[in-house]
Amino acid sequence: MMRKAIAAAVLLLLLAALAGGCTAEEAPATPTDLTEQETVQEPETEPVQEPAPECPHENVSTIIYFFDSPSYTSLSAASHRVSGPGVVAEVCRDCGAVLKEETVDDAEEIRPHSMKKGVCALCGYRTQTEAKQDKRDAPGERTLIAQPDGNGLFFLTLTEQDLVALENAKVKTLLVRGEHGKAVVAVNVKEIRQEVGREAASFSIELSEREDGSLFAGLSLSNTPGRKEELDIDGVTLRFYADRTPDLKIALNPTDGDSLTETDGTWDENGYWTVPYMSEGNYLLIR
Ligand SMILES: [Zn+2]
Ligand SMILES: [Zn+2]
(Lines give C-alpha, C1' and ligand atoms only; values in the text may rest on other atoms or scores of the structure.)
(Ligands and ions follow the chains in the order given, each with its own letter.)
Protein backbone atom coordinates (compact mmCIF):
# COMPACT_ATOMS: atom_id res chain seq x y z
CA MET A 1 0.00 0.00 0.00
CA MET A 2 2.79 2.39 0.93
CA ARG A 3 4.61 1.88 -2.36
CA LYS A 4 1.41 2.59 -4.24
CA ALA A 5 0.89 5.76 -2.24
CA ILE A 6 4.39 6.92 -3.12
CA ALA A 7 3.89 6.03 -6.77
CA ALA A 8 0.67 8.01 -6.74
CA ALA A 9 2.43 10.95 -5.12
CA VAL A 10 5.16 10.92 -7.78
CA LEU A 11 2.48 10.79 -10.46
CA LEU A 12 0.78 13.75 -8.83
CA LEU A 13 3.98 15.75 -8.90
CA LEU A 14 4.54 14.95 -12.55
CA LEU A 15 0.97 15.96 -13.35
CA ALA A 16 1.41 19.09 -11.30
CA ALA A 17 4.54 19.97 -13.23
CA LEU A 18 2.75 19.39 -16.52
CA ALA A 19 -0.40 21.25 -15.57
CA GLY A 20 0.94 24.50 -14.28
CA GLY A 21 3.54 27.15 -14.69
CA CYS A 22 5.27 26.40 -11.41
CA THR A 23 8.72 24.88 -11.47
CA ALA A 24 9.87 22.46 -8.82
CA GLU A 25 11.50 25.22 -6.80
CA GLU A 26 8.31 27.21 -6.48
CA ALA A 27 5.99 24.29 -5.81
CA PRO A 28 5.17 24.03 -2.13
CA ALA A 29 6.53 20.97 -0.39
CA THR A 30 4.20 18.02 -0.22
CA PRO A 31 3.86 15.67 2.73
CA THR A 32 6.05 13.18 0.91
CA ASP A 33 8.70 15.82 0.31
CA LEU A 34 9.51 14.74 -3.22
CA THR A 35 9.80 18.23 -4.66
CA GLU A 36 13.44 17.78 -5.54
CA GLN A 37 12.40 15.44 -8.36
CA GLU A 38 13.37 16.46 -11.86
CA THR A 39 10.39 18.15 -13.43
CA VAL A 40 9.01 17.49 -16.86
CA GLN A 41 9.32 20.26 -19.40
CA GLU A 42 6.30 22.40 -20.28
CA PRO A 43 3.96 21.13 -23.02
CA GLU A 44 5.16 22.57 -26.33
CA THR A 45 1.86 24.22 -27.13
CA GLU A 46 2.01 26.54 -24.12
CA PRO A 47 3.86 29.78 -24.57
CA VAL A 48 6.79 30.16 -22.23
CA GLN A 49 5.72 32.51 -19.49
CA GLU A 50 7.00 33.56 -16.12
CA PRO A 51 5.09 31.75 -13.41
CA ALA A 52 3.13 34.07 -11.15
CA PRO A 53 5.37 34.78 -8.16
CA GLU A 54 2.64 33.88 -5.72
CA CYS A 55 -0.32 31.88 -6.89
CA PRO A 56 -3.28 32.41 -4.57
CA HIS A 57 -4.50 28.86 -5.43
CA GLU A 58 -7.99 30.10 -6.09
CA ASN A 59 -9.13 27.25 -8.32
CA VAL A 60 -8.70 23.96 -6.56
CA SER A 61 -9.68 20.57 -7.97
CA THR A 62 -9.96 17.35 -6.07
CA ILE A 63 -8.37 14.46 -7.93
CA ILE A 64 -8.76 10.87 -6.82
CA TYR A 65 -6.33 8.13 -7.71
CA PHE A 66 -7.92 4.80 -6.90
CA PHE A 67 -5.77 1.82 -6.03
CA ASP A 68 -6.33 -1.51 -7.81
CA SER A 69 -9.84 -2.86 -8.27
CA PRO A 70 -12.18 -0.16 -7.00
CA SER A 71 -15.88 -1.03 -7.24
CA TYR A 72 -18.19 0.44 -9.86
CA THR A 73 -21.94 1.02 -9.54
CA SER A 74 -24.07 2.24 -12.42
CA LEU A 75 -26.07 5.39 -11.60
CA SER A 76 -27.62 6.55 -14.87
CA ALA A 77 -27.34 6.24 -18.63
CA ALA A 78 -24.27 8.47 -18.40
CA SER A 79 -22.46 7.79 -15.13
CA HIS A 80 -21.28 5.30 -12.56
CA ARG A 81 -19.90 5.63 -9.06
CA VAL A 82 -16.32 4.50 -8.37
CA SER A 83 -15.44 3.69 -4.78
CA GLY A 84 -12.61 2.13 -2.83
CA PRO A 85 -9.23 2.96 -1.31
CA GLY A 86 -7.11 5.59 -3.02
CA VAL A 87 -5.27 8.89 -2.76
CA VAL A 88 -7.39 12.03 -2.62
CA ALA A 89 -5.42 15.08 -3.69
CA GLU A 90 -6.29 18.75 -3.84
CA VAL A 91 -4.51 20.32 -6.78
CA CYS A 92 -4.38 23.99 -7.82
CA ARG A 93 -5.73 24.22 -11.37
CA ASP A 94 -3.71 27.38 -12.05
CA CYS A 95 -0.20 26.44 -10.92
CA GLY A 96 -0.56 22.68 -10.50
CA ALA A 97 0.63 22.64 -6.89
CA VAL A 98 -0.55 19.73 -4.77
CA LEU A 99 -2.06 21.45 -1.75
CA LYS A 100 -3.12 18.43 0.20
CA GLU A 101 -3.16 14.70 -0.24
CA GLU A 102 -4.52 11.93 1.82
CA THR A 103 -4.75 8.16 1.51
CA VAL A 104 -8.26 7.02 2.36
CA ASP A 105 -10.03 3.68 2.49
CA ASP A 106 -13.30 4.88 1.05
CA ALA A 107 -12.80 7.45 -1.70
CA GLU A 108 -15.77 7.95 -3.99
CA GLU A 109 -16.28 9.69 -7.30
CA ILE A 110 -18.92 9.88 -10.05
CA ARG A 111 -17.43 9.23 -13.48
CA PRO A 112 -18.89 8.79 -16.97
CA HIS A 113 -19.31 5.30 -18.41
CA SER A 114 -16.62 3.90 -20.65
CA MET A 115 -18.79 2.35 -23.35
CA LYS A 116 -17.53 -0.36 -25.68
CA LYS A 117 -20.04 -2.03 -28.01
CA GLY A 118 -23.00 -0.84 -25.94
CA VAL A 119 -21.62 -2.04 -22.58
CA CYS A 120 -19.69 -0.08 -19.97
CA ALA A 121 -16.37 -1.87 -19.61
CA LEU A 122 -16.15 -0.89 -15.93
CA CYS A 123 -19.61 -1.19 -14.34
CA GLY A 124 -21.37 -3.38 -16.89
CA TYR A 125 -24.13 -0.85 -17.74
CA ARG A 126 -25.74 -1.95 -20.99
CA THR A 127 -27.69 0.22 -23.44
CA GLN A 128 -30.99 -1.12 -24.72
CA THR A 129 -30.08 0.00 -28.19
CA GLU A 130 -28.57 -2.56 -30.52
CA ALA A 131 -25.87 -0.21 -31.62
CA LYS A 132 -22.61 -1.00 -33.25
CA GLN A 133 -19.95 1.22 -31.80
CA ASP A 134 -17.15 0.98 -34.27
CA LYS A 135 -15.74 4.50 -34.20
CA ARG A 136 -13.28 5.16 -31.42
CA ASP A 137 -13.76 8.39 -29.52
CA ALA A 138 -11.31 11.16 -30.33
CA PRO A 139 -9.43 12.74 -27.40
CA GLY A 140 -11.78 15.01 -25.44
CA GLU A 141 -14.86 13.33 -26.88
CA ARG A 142 -17.15 10.65 -25.50
CA THR A 143 -20.04 8.86 -27.18
CA LEU A 144 -23.25 7.88 -25.41
CA ILE A 145 -26.02 5.91 -27.07
CA ALA A 146 -29.56 7.16 -26.44
CA GLN A 147 -32.32 4.77 -25.43
CA PRO A 148 -35.24 3.84 -27.70
CA ASP A 149 -38.65 5.07 -26.50
CA GLY A 150 -40.54 2.43 -28.47
CA ASN A 151 -41.93 4.93 -30.97
CA GLY A 152 -38.90 5.32 -33.17
CA LEU A 153 -37.31 8.08 -31.11
CA PHE A 154 -34.20 7.78 -28.96
CA PHE A 155 -33.73 9.81 -25.82
CA LEU A 156 -31.10 10.57 -23.20
CA THR A 157 -31.39 12.67 -20.05
CA LEU A 158 -28.35 14.15 -18.35
CA THR A 159 -28.33 15.52 -14.82
CA GLU A 160 -25.90 18.11 -13.54
CA GLN A 161 -24.09 15.22 -11.79
CA ASP A 162 -23.67 13.44 -15.13
CA LEU A 163 -22.32 16.58 -16.77
CA VAL A 164 -19.92 17.33 -13.90
CA ALA A 165 -18.63 13.75 -14.15
CA LEU A 166 -18.00 14.21 -17.86
CA GLU A 167 -16.27 17.52 -17.27
CA ASN A 168 -14.07 16.02 -14.55
CA ALA A 169 -13.12 13.25 -16.96
CA LYS A 170 -11.89 15.97 -19.38
CA VAL A 171 -14.69 15.29 -21.85
CA LYS A 172 -15.23 18.50 -23.82
CA THR A 173 -17.70 17.18 -26.36
CA LEU A 174 -20.35 14.58 -25.65
CA LEU A 175 -21.69 12.80 -28.72
CA VAL A 176 -25.21 11.43 -28.39
CA ARG A 177 -26.35 9.01 -31.04
CA GLY A 178 -29.07 6.55 -31.84
CA GLU A 179 -28.95 3.27 -33.68
CA HIS A 180 -26.75 4.08 -36.66
CA GLY A 181 -24.50 6.90 -35.51
CA LYS A 182 -24.28 8.59 -38.91
CA ALA A 183 -25.89 11.75 -37.55
CA VAL A 184 -25.22 12.68 -33.93
CA VAL A 185 -25.85 15.47 -31.45
CA ALA A 186 -22.60 17.05 -30.21
CA VAL A 187 -22.89 18.71 -26.80
CA ASN A 188 -20.38 21.20 -25.40
CA VAL A 189 -20.20 19.70 -21.92
CA LYS A 190 -19.04 22.84 -20.12
CA GLU A 191 -21.66 25.15 -21.61
CA ILE A 192 -24.54 22.76 -21.01
CA ARG A 193 -23.32 21.99 -17.49
CA GLN A 194 -23.38 25.72 -16.70
CA GLU A 195 -26.86 26.08 -18.20
CA VAL A 196 -28.17 23.05 -16.30
CA GLY A 197 -26.60 24.37 -13.07
CA ARG A 198 -28.18 27.83 -13.50
CA GLU A 199 -31.63 26.44 -14.19
CA ALA A 200 -31.42 23.60 -11.63
CA ALA A 201 -32.71 21.39 -14.39
CA SER A 202 -31.86 18.26 -16.28
CA PHE A 203 -31.03 18.22 -19.95
CA SER A 204 -32.82 15.93 -22.39
CA ILE A 205 -32.01 15.02 -25.93
CA GLU A 206 -34.43 13.32 -28.32
CA LEU A 207 -33.25 12.21 -31.70
CA SER A 208 -34.05 9.96 -34.58
CA GLU A 209 -31.99 9.23 -37.67
CA ARG A 210 -33.89 8.93 -40.94
CA GLU A 211 -32.94 6.52 -43.68
CA ASP A 212 -31.84 9.31 -46.01
CA GLY A 213 -29.33 10.54 -43.42
CA SER A 214 -31.55 13.35 -42.09
CA LEU A 215 -31.91 13.81 -38.36
CA PHE A 216 -34.75 14.75 -36.05
CA ALA A 217 -33.36 16.45 -32.94
CA GLY A 218 -34.98 18.13 -29.96
CA LEU A 219 -33.25 19.42 -26.84
CA SER A 220 -34.95 20.54 -23.69
CA LEU A 221 -34.33 21.54 -20.11
CA SER A 222 -36.69 20.28 -17.49
CA ASN A 223 -36.82 20.93 -13.77
CA THR A 224 -40.15 19.28 -13.06
CA PRO A 225 -40.85 15.84 -14.47
CA GLY A 226 -43.15 16.05 -17.46
CA ARG A 227 -42.53 19.76 -18.05
CA LYS A 228 -40.15 20.73 -20.78
CA GLU A 229 -38.61 23.99 -21.74
CA GLU A 230 -37.06 24.27 -25.12
CA LEU A 231 -33.44 25.16 -25.02
CA ASP A 232 -32.04 28.31 -26.54
CA ILE A 233 -28.36 27.67 -26.44
CA ASP A 234 -25.14 27.81 -28.45
CA GLY A 235 -23.50 24.77 -26.93
CA VAL A 236 -24.90 22.13 -29.26
CA THR A 237 -24.10 21.23 -32.86
CA LEU A 238 -25.21 18.41 -35.11
CA ARG A 239 -22.71 16.22 -36.90
CA PHE A 240 -23.36 14.41 -40.12
CA TYR A 241 -20.79 11.77 -41.07
CA ALA A 242 -20.75 11.95 -44.86
CA ASP A 243 -18.46 12.39 -47.84
CA ARG A 244 -16.44 15.56 -48.31
CA THR A 245 -18.05 16.21 -51.67
CA PRO A 246 -20.48 17.45 -52.67
CA ASP A 247 -20.97 20.26 -50.15
CA LEU A 248 -23.63 19.58 -47.59
CA LYS A 249 -26.51 21.91 -46.82
CA ILE A 250 -29.15 21.42 -44.18
CA ALA A 251 -32.77 22.57 -44.28
CA LEU A 252 -34.37 22.74 -40.86
CA ASN A 253 -38.06 22.01 -40.78
CA PRO A 254 -38.94 23.17 -37.26
CA THR A 255 -41.59 21.32 -35.24
CA ASP A 256 -43.46 24.51 -34.39
CA GLY A 257 -43.23 26.39 -37.67
CA ASP A 258 -43.74 25.91 -41.34
CA SER A 259 -40.84 27.74 -42.94
CA LEU A 260 -37.64 25.92 -43.85
CA THR A 261 -34.32 27.42 -42.76
CA GLU A 262 -31.31 26.56 -44.88
CA THR A 263 -27.81 26.38 -43.43
CA ASP A 264 -24.48 25.48 -44.96
CA GLY A 265 -22.61 22.70 -43.25
CA THR A 266 -18.99 23.22 -42.16
CA TRP A 267 -16.60 20.44 -43.11
CA ASP A 268 -14.39 19.02 -40.38
CA GLU A 269 -11.21 17.20 -41.33
CA ASN A 270 -12.16 14.36 -39.01
CA GLY A 271 -14.74 13.25 -41.53
CA TYR A 272 -18.02 14.99 -40.81
CA TRP A 273 -20.14 18.02 -41.56
CA THR A 274 -21.36 20.16 -38.72
CA VAL A 275 -24.28 22.60 -38.37
CA PRO A 276 -25.48 24.47 -35.29
CA TYR A 277 -28.54 23.15 -33.47
CA MET A 278 -31.23 25.81 -33.94
CA SER A 279 -34.52 24.41 -32.65
CA GLU A 280 -36.43 21.19 -32.42
CA GLY A 281 -37.24 19.78 -35.82
CA ASN A 282 -36.12 17.75 -38.77
CA TYR A 283 -32.70 18.56 -40.18
CA LEU A 284 -32.94 17.53 -43.82
CA LEU A 285 -29.86 16.88 -45.93
CA ILE A 286 -29.61 18.74 -49.24
CA ARG A 287 -26.77 17.74 -51.54
ZN1 LIG B 1 -1.81 27.77 -7.45
ZN1 LIG C 1 -20.18 2.45 -16.21
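A residue counts as buried when its relative accessible area is under 20%, and as exposed when that value is over 50%. Keep these cut-offs at hand for the exercises below, and remember that the model is predicted.

**Exercise 1. Classify Tyr 272, Tyr 241 and Pro 139 as buried or exposed.**

Step 1. Tyr 272 has a relative accessibility of 7%, so this residue counts as buried.

Step 2. Tyr 241 comes out at 17%, which means that it is buried too.

Step 3. Pro 139 reaches 82% and therefore counts as exposed. You will find Pro 139 in the loop between β6 (119-120) and β7. Its C-alpha atom is separated by 9.4 Å from that of Thr 173, 34 residues apart along the chain.

**Exercise 2. Describe how the rings of Tyr 241 and Tyr 272 pair.**

Step 1. Begin with the count: the structure holds 3 aromatic pairs.

Step 2. For Tyr 241 and Tyr 272, the ring centres are 5.4 Å apart and the planes meet at 65°. Planes over 60 degrees apart count as edge-to-face, so this pair is edge-to-face.

Step 3. Now place the partners. Tyr 241 sits in the loop between β15 (236-240) and β16 (249-254), while Tyr 272 belongs to strand β19 (residues 272-276). With their positions 31 residues apart, the pair links distant parts of the chain.

**Exercise 3. Work out the arrangement of donors around each zinc ion.**

Step 1. Start with the zinc ion (ligand 1). Its donors are Cys 55 (SG), His 57 (ND1), Cys 92 (SG) and Cys 95 (SG), at 2.0 to 2.4 Å. Along the chain they follow the spacing C-x1-H-x34-C-x2-C.

Step 2. The angles subtended by these 4 donor atoms run from 103 to 115°. Four donors count as tetrahedral if all angles lie between 85 and 135 degrees, so the arrangement around the zinc ion (ligand 1) is tetrahedral.

Step 3. Turn to the zinc ion (ligand 2). His 80 (ND1), His 113 (ND1), Cys 120 (SG) and Cys 123 (SG) are its protein donors, lying 2.0 to 2.4 Å away. Their spacing in sequence is H-x32-H-x6-C-x2-C.

Step 4. Here the 4 donor atoms subtend angles of 104 to 112°, so this arrangement is tetrahedral as well.

Step 5. Finally, check burial among the donors. Cys 92 and Cys 95 are both buried. Cys 120 has a relative accessible area of 3%, so it is buried.

**Exercise 4. Decide where the buried residues lie around helices α2 and α3.**

Step 1. In α2 (160-168), the buried residues are Asp 162, Leu 163, Ala 165 and Leu 166. They cover an arc of only 160° around the axis, so they are on the same side of α2.

Step 2. What do the buried residues of α2 pack against? Their partners are β3 (79-92), β4 (98-112), β7 (141-145), β9 (154-158), β10 and α3. After α2 comes Lys 170, with a positive phi near 65°.

Step 3. In helix α3 (residues 189-199), Val 189, Ile 192, Glu 195 and Val 196 are buried. Seen down the axis, the buried residues of α3 fall within an arc of 135°, so they line one face of the helix.

Step 4. The cover over that set includes α2, β10 (173-177), β11 (183-188), β12 (202-209), β13 and β15.

**Exercise 5. Find the largest nonpolar core and follow one of its residues.**

Step 1. This core has 38 residues, and those with the most contacts inside it are Val 185, Phe 203, Leu 238 and Phe 240. Strand β13 (residues 215-222) gives the largest share, 4 residues.

Step 2. Follow Phe 240. Leaving aside neighbours within four places in sequence, its contacts include Ala 183, Leu 215, Ile 250, Tyr 272, Trp 273 and Leu 285.

Step 3. For the wider setting, 42% of the 287 residues of the protein chain count as buried. The chain has 3 helices and 20 strands.

**Exercise 6. Place Thr 263 and list what it touches.**

Step 1. Thr 263 lies in strand β17 (residues 261-264). Its relative accessible area is 15%, so Thr 263 is buried.

Step 2. Not counting residues up to four places away in sequence, Thr 263 touches Lys 249, Ile 250, Pro 276 and Met 278.

Technical notes. Residues numbered from 1 in each chain as written. Chains lettered and ligands numbered in written order. Predicted model: local features only at pLDDT ≥ 70, side-chain atom pairs only at ≥ 80, totals over all residues. Heavy atoms only, no water. Donors = N, O, S within 2.8 Å, 3.2 Å for Na, K, Ca; no water. Tetrahedral: all angles 85-135°; square planar, octahedral: opposite > 155°, others 65-115°. Buried < 20%, exposed > 50% of the residue type's maximum accessible area, 1.4 Å probe, protein only. Phe/Tyr/Trp six-rings, centres within 6.5 Å; stacked < 30°, edge-to-face > 60°. Helix = DSSP H or I, 4+ residues; strand = E, 2+ residues; numbered from the N terminus. Core = buried A, V, L, I, M, F, W, Y, C linked by side-chain atoms within 4.5 Å. Contact = heavy atoms within 4.5 Å. Arc of directions from axis to C-beta.
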